[in-house]
Amino acid sequence: MSGVYGSFLLTPAGDLAARALPEIVDDATLAEVGGRVVRLGETFETIGIDPELCVLRFAEHKLYVKAIAGGALCVVTGIDVSMPALRMAANLVARKVGPDLARLMTSEPPDGDRDSGASSGSPATRMYRGRPIG
Amino acid sequence: MASEASKSWALSPDSVAEPRGFSAAIDGGSLWDAVQAEHDGWGRTVVRVQGDDGTTGLLFLDAGRIVHAQSAAAEGEAAALELLACDSGVLEACDVPWPRVRTISKAPEMLLLLLRAATSREGGRVSNLVAFPGRPMPALDAMVDMTAEPAHAHPMEEPFGLVFDDDHDWEKEVTKPAGPTFETFESLPAMKEPRGHAARTETEEELSLPVSAHLAPDGTVLEATDHDFADAVAYIGRLSSLVGELLGLDEFRALECASKEERIFVYTDEDGGLVAGRLPASVEASPFRERLGL
């Protein structure tokens, strides 16, 4: 879809469940993002909002976060993306992957081996304008 | 401001006979206290201010809020600040034509806060408050036509702070857009781009979002309907910036969070502070999204 740079799936705990983003953003970074996204949702809950959808606008990008069964779908887009089309696509994806994600969550052992998942465990790489820094 | 008991506001003798004139003398309070004491909080009133320091001007009040002000040297917010800074003088209700444009949408408390800040910066000298330092005079495109007679507020409007902005007739006669409104969108095509674009100068006045919290860049709460909400907004802004930094998406501008019942908009104002407002889910939000680039 035009204007979409990639997407990733988060578990309710903020762990990375799946990704479709360029490798320049590593798994550890996405896991760190996941933690923040979850905390963002929790913060909204403290003020009486049960978030279903959150769109963050940055200078040249948007981050579209949709709560789905078993986690959250995050989509990184440009600013000119068609939001109605994105909403529709996100709904379709949520319908498709939501049940699988929910199943994954319920079947995962409580102390599951996180290293075998998407998170690599390497230190997070901070990015600036698409380039790693620091 | 008139913190000393010796400073006082008196009613003009001429105003007593007028149907909308004031009926009691105010002593030892600020001009705003005096106006509040005499204005019933509903409908429209125009108050002529004649300060003992020579400051003269008009305050236009609607539903308890200052919506326009004129002084000899300025109009809009700058004039309101100039008039509110007067320590003593005479107030009188008067009949003058209602202005065509609304130039002020800040809450009176916000104006007083700005005045205090200016007074503190100027060491108590506020007589030269023509244009607020660092803030432009209200731009023409921040003005909303106000020639229409006041409309009755919908019962749902007041809880969401929409009483002023939902005046349907004003919306009909928008000369230049003040930002998104809740019912009519005729002004949308002319709206400016959000923060970061060269021409961006919009503030919360222009956006017309019912502001629930306004935070300074250092986190100071400038305005809040609920301090817990303001704290949450500060944290939301920080988390959003962090998410952006991690993903290499620099400069957080705005966000919308939607639930079944309501939406929250948070955006970075031109000074780098955060402004947040809540809207019920039933209110059309497209204008806000477009305005904030969401």
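Student: Before we get to the helices, what counts as contact here?
Tutor: Contact means that heavy atoms lie within 4.5 Å, and please keep in mind that this is a predicted model.

Student: Okay, so which strands does helix α6 of chain B lie across?
Tutor: Helix α6 of chain B, residues 227-247, lies across β3, β4 and β5 of chain A together with β9, β10, β11, β12 and β13 of chain B. Its direction runs at about 65° to that of β9(B).

Student: What's the strand order in the sheet?
Tutor: The sheet is open and has 10 strands with antiparallel pairing, in the order β2(A)-β1(A)-β5(A)-β4(A)-β3(A)-β11(B)-β12(B)-β13(B)-β9(B)-β10(B). At its edges are β2 (16-20) of chain A and β10 (221-224) of chain B, each of which pairs on one side only. Direction ignored, neighbouring strands of this sheet are turned by 10° against each other on average.

Student: And which helix of chain A packs on it?
Tutor: That is helix α2 of chain A, residues 83-107, which touches β1, β2, β3, β4 and β5 of chain A and whose direction makes about 40° with that of β4(A).

Student: Going back to the strands, how many bridges join β3(A) to β11(B)?
Tutor: Six bridges join β3(A) to β11(B), and the two strands run antiparallel. Within that pairing, A:V55 stands opposite B:E256 in β11(B).

Student: How about β9 and β13 of chain B, how many bridges there?
Tutor: Strand β9 (residues 211-215) and strand β13 (residues 274-280), both of chain B, pair in the antiparallel sense over four bridges, and B:V211 stands opposite B:G277 in β13(B).

Student: Switching to the interface, how much area do chain A and chain B bury between them?
Tutor: They bury about 3200 Å², with 67% of it on carbon and sulfur atoms, and 35 residues of chain A are in contact with 34 residues of chain B. On the chain A side, the residues that lose the most area to chain B are A:I47, A:R57 and A:F58, which together account for 22% of what that side buries.

Student: What about polar contact and salt bridges between chain A and chain B?
Tutor: There are 10 residue pairs in polar contact between the two chains, counting pairs with both residues at pLDDT 80 or more, and the salt bridge count between them is one. In that salt bridge B:K260 is joined to A:E52, with the closest N and O atoms 2.6 Å apart.

Student: Which element gives the largest share of the chain A side that touches chain B?
Tutor: That is α1(A), with 10 residues. By class, the side of chain A that touches chain B has 20 nonpolar, six polar and nine charged residues.

Student: Last one: how many salt bridges are there over all chains?
Tutor: A search of the whole structure finds 10. The side chains of A:R36 and A:E32 also meet in a salt bridge, at 3.1 Å from N to O, and both residues lie in helix α1 of chain A, four residues apart, which is about one turn of the helix.

Methods: Residues numbered from 1 in each chain as written. Chains lettered and ligands numbered in written order. Predicted model: local features only at pLDDT ≥ 70, side-chain atom pairs only at ≥ 80, totals over all residues. Heavy atoms only, no water. Pairing = 2+ DSSP bridges. Axes fitted to C-alpha atoms, helices over the stretch in contact; angles between N-to-C directions. Buried area = accessible area lost by both parts, 1.4 Å probe. Salt bridge = Lys/Arg side-chain N within 4 Å of Asp/Glu carboxyl O. Polar contact = N/O pair within 3.5 Å; in protein donor to acceptor, adjacent residues only side chain to side chain. Nonpolar A, V, L, I, M, F, W, Y, C, P; charged D, E, K, R; others polar.
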